[in-house]
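Welcome, and thanks for taking a look at this one. Please have the sequence and the model open side by side while you read.

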Amino acid sequence: MPQAIQTAFRKAEKRYKRGQPPDWDNVVDLAAAAAANEAVRGIQLSYDLETPATLPLQLFSQRRPPAYVLRDHPGLLLIPNPFTDEAQRWLARKCLCDCPRPPNRTNLDAFFSPPPESLFELATDTEKCSQLIANRTQADIQQSDVTLPKEKFYTQPGSPSSLLERQRWCTLGLQYNWTTKEYDRGSSPFDQELDSLMRAIAIAITRPDGASDPSSGNEYNGNLFASEAGIVNYYDERATMAGHVDKTEEKMDAPLISLSIGLSCVYLIGGTTRDTEPTPIVLHSGDVLAMCGESRMAYHGVPLVLADTTPKFLSCPNAGINDNTTAMYPEWHYFAEYLAHHRINCNARKCS
Ligand SMILES: O=C(O)CCC(=O)C(=O)O
Ligand SMILES: [Fe+2]
């Protein structure tokens, strides 16, 4: 048996494998019993979560929402859903329509010529939904250094909805180059509204000057934060993300800020090697997770997405009927259908 199989992280991933009864012992679920769980400790945010004036809606339902750190994972900070329902709908739209389009890249770019619109918009536009998107030639694919999957799907033109099912990630801002394993400089601007949201979080989690108790494990001054690179991950109910460390950024002192929308999942946070026993956490729609300080170097992954867990204000076809988003999204039922069966994760990093 290869060594990797036996690590504590790998064993935990197997405990949450889909299709078997999950092992809920010791799972940290802040929505269920935060105070009762010894593995977590409540902390006070040092600054208010303030909606940036440039954004078209109220993002946060509280200025100082409860926040938590984990006893065994210094620097990992969790804010259970601080967002208004309207803000979650706005974020979902951003991640589905604005982010996965050129010049940002997606996992499908190696196989299909990316259209100017997002696949979600094409798949839900009654006039455009049946158009086919051209696949790349075998020569293009060989040049791009990716292995052509065995599936026949990747060798013929695809409909927007069939491609949307296989859209797994898009990159934001500086684009990660999988060949050189570095970021390409100045490749595309980071969405300004998303950046201002991420900055608002970075500021709120900053430790106050001179505080003697480094309670959050975050030493970084959030006023210096800027989202330079990021990823939007799209998970269907079967998707997982294997344990890894995000360490390609030149400097790792700034927090990595990560948001969840849609289905809940089990998230594993471990240590700097796979041999550290990870702690399983349930992440729900709207939860904010910040990997600060030493947790920035920690193994983490998503072994399980939990079906039937999307909140009604996202999965109900006429959600938001009474708020400002009605005008923005008259066709919410398309989003509702997607979000009922997917989890979206959007994360931002400062690299320099
Ligand atoms: O989906 C998540 O919560 C984790 C995503 C992640 O670790 C990454 O994109 O590097
Ligand atoms: Fe990651």
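How many helices and strands does the secondary structure of the protein chain come to? The count is 10 helices and 14 strands. Please keep in mind that this is a predicted model.

**Overall shape**

Let us begin with the whole chain. A compact globule with 352 residues would have a radius of gyration near 20 Å, and the protein chain agrees with this, because its own value is 20 Å. Along the principal axes, the C-alpha atoms fill a box of roughly 60 × 55 × 45 Å. Of the 352 residues, 42% are buried. Among contacts in the protein chain with a separation of 6 or more, 76% link residues that are 24 or more positions apart.

**An open sheet and the helix on it**

Now to one of the sheets. Four strands, in the order S8-S13-S10-S11, form an open sheet with antiparallel pairing. Strand S8 (241-244) and strand S11 (279-283) are the edge strands, since each pairs on one side only. On average, neighbouring strands of this sheet are turned by 25° against each other, direction ignored. As general background, strands of a sheet pair through backbone hydrogen bonds, either parallel or antiparallel.

Within the sheet, strand S10 (residues 264-269) and strand S13 (residues 300-306) run antiparallel and are joined by 5 bridges. Leu-268 stands opposite Gly-301 in S13. Helix H1 (residues 8-15) packs on this sheet and touches S8, S10, S11 and S13. The direction of H1 makes about 165° with that of S10.

**The annotated binding site**

Which residues does UniProt list for "binding site"? The unreviewed entry gives His-244, Asp-246 and His-300. They are spread over 57 residues of sequence, yet they cluster in space, with a largest C-alpha distance of 9.0 Å.

His-244 lies in strand S8, and Asp-246 is found in the loop between S8 and strand S9 (256-262). Leaving aside neighbours within four places in sequence, His-244 is in contact with Tyr-299 and Gly-301. That Gly-301 is the residue that Leu-268 stands opposite. With residues up to four places away again not counted, Asp-246 touches Leu-256 and Arg-349.

Here is how the surroundings of two of these residues look, with Tyr-334 added:

| Residue | C-beta atoms of others within 10 Å | Class |
|---|---|---|
| His-244 | 11 C-beta atoms | exposed |
| Asp-246 | 17 C-beta atoms | partly exposed |
| Tyr-334 | 16 other C-beta atoms | partly exposed |

Why does His-244 count as exposed? It has 11 C-beta neighbours inside 10 Å, and a residue is exposed if that number is 12 or fewer.

Tyr-334 is found in helix H10 (residues 332-340). Its C-alpha atom and that of Ser-315, 19 residues apart along the chain, are separated by 9.4 Å.

**Helix H3**

Finally, a look at a helix with 14 residues, H3 (residues 85-98). At 1.5 Å a residue, H3 should span 20 Å, and its end C-alpha atoms are 19 Å apart, so the two values agree. Which residues in H3 are buried? They are Glu-86, Ala-87, Gln-88, Arg-89, Trp-90, Leu-91, Ala-92, Cys-95 and Leu-96. When you inspect a helix, it helps to recall that an α-helix has 3.6 residues a turn, so residues three or four places apart point the same way.

Note on methods: Residues numbered from 1 in each chain as written. Chains lettered and ligands numbered in written order. Predicted model: local features only at pLDDT ≥ 70, side-chain atom pairs only at ≥ 80, totals over all residues. Helix = DSSP H or I, 4+ residues; strand = E, 2+ residues; numbered from the N terminus. Expected span 1.5 Å × (residues − 1). Buried ≥ 20, exposed ≤ 12 C-beta atoms within 10 Å, placed from the backbone. Rg over C-alpha atoms; globule rule 2.2 N^0.38 Å. Contact = placed C-beta atoms within 7 Å. Pairing = 2+ DSSP bridges. Axes fitted to C-alpha atoms, helices over the stretch in contact; angles between N-to-C directions. UniProt positions renumbered as here; feature names shortened; annotations may be inferred.
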